[in-house]
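This briefing walks through a protein model, moving from its strands and their pairing to the helices and then to the cysteines. Please read it alongside the sequence and the coordinates.

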Amino acid sequence: MSFEVISETACFGGTQGYYKHTSAELGCEMRFSVFSPPQARHGKVPVLWYLSGLTCTEDNATVKAGFQRVAAELGLMIICPDTSPRGDEVPDDEGYDFGKGAGFYVDATEAPWAKNFRMYSYVTKELPGVVANSFPADMDRQGITGHSMGGHGALTIWLKNRAAYKSVSAFAPIVSPLNCPWGEKALTGYLGADRATWADYDACALMAKHGADDAEVLIDQGLADNFLEGQLKPELFEAACEKAGQKLVLRRHPGYDHSYFFISTFIEDHLRHHAAALA
């Protein structure tokens with residue numbers, strides 16, 4: 001459960017920190033960032049996990065999303081994990097959408113990926129253990145959000161662990177890896193050719209399996225997103241939620257793309273969504 005401090009910097013009355021530790025789940029050294037709001041000096045605070053997308057690290061949202069000011073106001077701790085195992089001994093792929101930087105928040109079962117690519121267990125078990133042991137985090141009040149591949153991670157992790165995560169949201173999520181090229185490539189590689197095993201990491205399939213929850217799901221999607229029709233397909237999750245009776249706020253925004261300019265525009269709404277649910 002030990003970790004090393006890379007840096008800690010004062011930010012909006014709190015602390016923006018970067019840390020690294022040796023992960024037993026992933027078999028390599030991993031980095032993560034934690035924003036501790038000023039309220040954390042006086043006791044435990046609610047936690048919001050932010051899962052990033054393809055090619056990203058723990059640094060992308062920390063630097064580009066602009067969450068610190070509002071998180072400090074609301075007293076939210078924001079944790080940003082990396083998106084995959086790292087290191088020279090970790091297998092990789094030539095494509096940006098598989099291997100390092102593209103862990104897809106699954107526990108791989110296929111060689112050579114199964115040894116290291118266990119991002120689902122890392123995000124849901126190992127890293128929360130590190131956080132609970134070392135930070136003033138109220139682990140009874142956790143929410144989860146993410147972007148693109150990380151939005152897929154946020155939705156699927158919430159759907160399978162609703163007792164742990166009391167709130168959920170996503171920016172331009174991959175809602176159905178079963179029905180898009182990114183998902184087909186990643187899940188074939190990590191889980192094998194049997195599509196029945198993929199359903200455990202598909203938000204639409206999981207919504208049909210587990211049914212509705214009292215939580216309200218918030219999703220923002222830019223209509224100028226060049227991945228909208230081919231990869232993201234939010235209408236599939238919208239239909240799955242409607243069939244299950246799940247409360248969903250799906251906001252479509254003309255002119256916005258897939259970038260962090262889009263995320264930074266609406267991040268405050270997501271933070272307030274989570275803070276209200278975790279209050």
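**Strand pairing at the start of the chain**

Strand 1 (residues 4-11) runs antiparallel to strand 2, and the two are joined by seven bridges. The model is a predicted one, and the points below describe its sheet, the helices that lie across that sheet, the packing of one helix, and the cysteines.

**The two hairpins**

- Within the pairing of strand 1 with strand 2, Thr 9 has Gln 16 of strand 2 as its bridge partner.
- Two residues separate strand 1 from strand 2 in the hairpin that they form, and in its turn Phe 12 has a positive phi of about 50°.
- Strand 2 also pairs with strand 3 (residues 28-36), again in the antiparallel sense, over nine bridges, and Tyr 19 has its bridge partner in strand 3, namely Phe 32.
- The hairpin of strand 2 and strand 3 has four residues between the strands, and Gly 27 in its turn has a positive phi of about 65°.
- Strand 2 (residues 14-23) is largely enclosed by the rest of the structure, because seven of its ten residues are buried.

**The sheet as a whole**

- Nine strands make up an open sheet of mixed pairing, and their order across it is 1-2-3-5-4-6-7-8-9.
- Strand 1 and strand 9 (248-253) are the edge strands of this sheet, each of them pairing on one side only, and from one strand to the next the twist averages 20°.
- Strand 4 (residues 45-51) and strand 6 (residues 137-146) run parallel and are joined by six bridges; in this pairing, Leu 48 stands opposite Gly 143 of strand 6.

**Helices across the sheet**

- Helix 4 (residues 149-160) lies across strand 4, strand 6, strand 7 (165-171) and strand 8 (217-222), and its direction makes an angle of about 155° with strand 7.
- Helix 9 (residues 260-278) lies across strand 4, strand 5 (77-81), strand 6, strand 7, strand 8 and strand 9, and runs at about 165° to strand 7.

**Helix 8 and its two faces**

- In helix 8 (residues 234-244), the buried residues are Pro 234, Phe 237, Ala 240 and Cys 241.
- Viewed down the axis of helix 8, these buried residues fall within an arc of 120°, and they therefore line one face of the helix.
- As a general point, an α-helix has 3.6 residues a turn, so residues three or four places apart point the same way.
- Glu 242 and Lys 243 are exposed residues on the face of helix 8 that is turned away from its buried side.
- The partners against which the buried residues of helix 8 pack are helix 4, helix 6 (203-210), helix 7 (228-232), strand 8 and strand 9.
- Gly 245, which follows helix 8, has a positive phi near 80°.

**Cysteines without a disulfide**

- Zero disulfides are found when the whole structure is searched.
- Why does Cys 56 have no bond to Cys 80? The sulfur of Cys 56 has its closest cysteine sulfur in Cys 80, 10 Å away, which is too far for a bond.
- Cys 56 counts as buried because its relative accessibility is 6%.
- Cys 180 is likewise in no disulfide, and its nearest cysteine sulfur, that of Cys 204, is 10 Å away.
- With a relative accessibility of 1%, Cys 180 also counts as buried.

Conventions
Residues numbered from 1 in each chain as written. Predicted model: local features only at pLDDT ≥ 70, side-chain atom pairs only at ≥ 80, totals over all residues. Heavy atoms only, no water. Buried < 20%, exposed > 50% of the residue type's maximum accessible area, 1.4 Å probe, protein only. Pairing = 2+ DSSP bridges. Axes fitted to C-alpha atoms, helices over the stretch in contact; angles between N-to-C directions. Contact = heavy atoms within 4.5 Å. Disulfide = S-S within 2.5 Å. Arc of directions from axis to C-beta.
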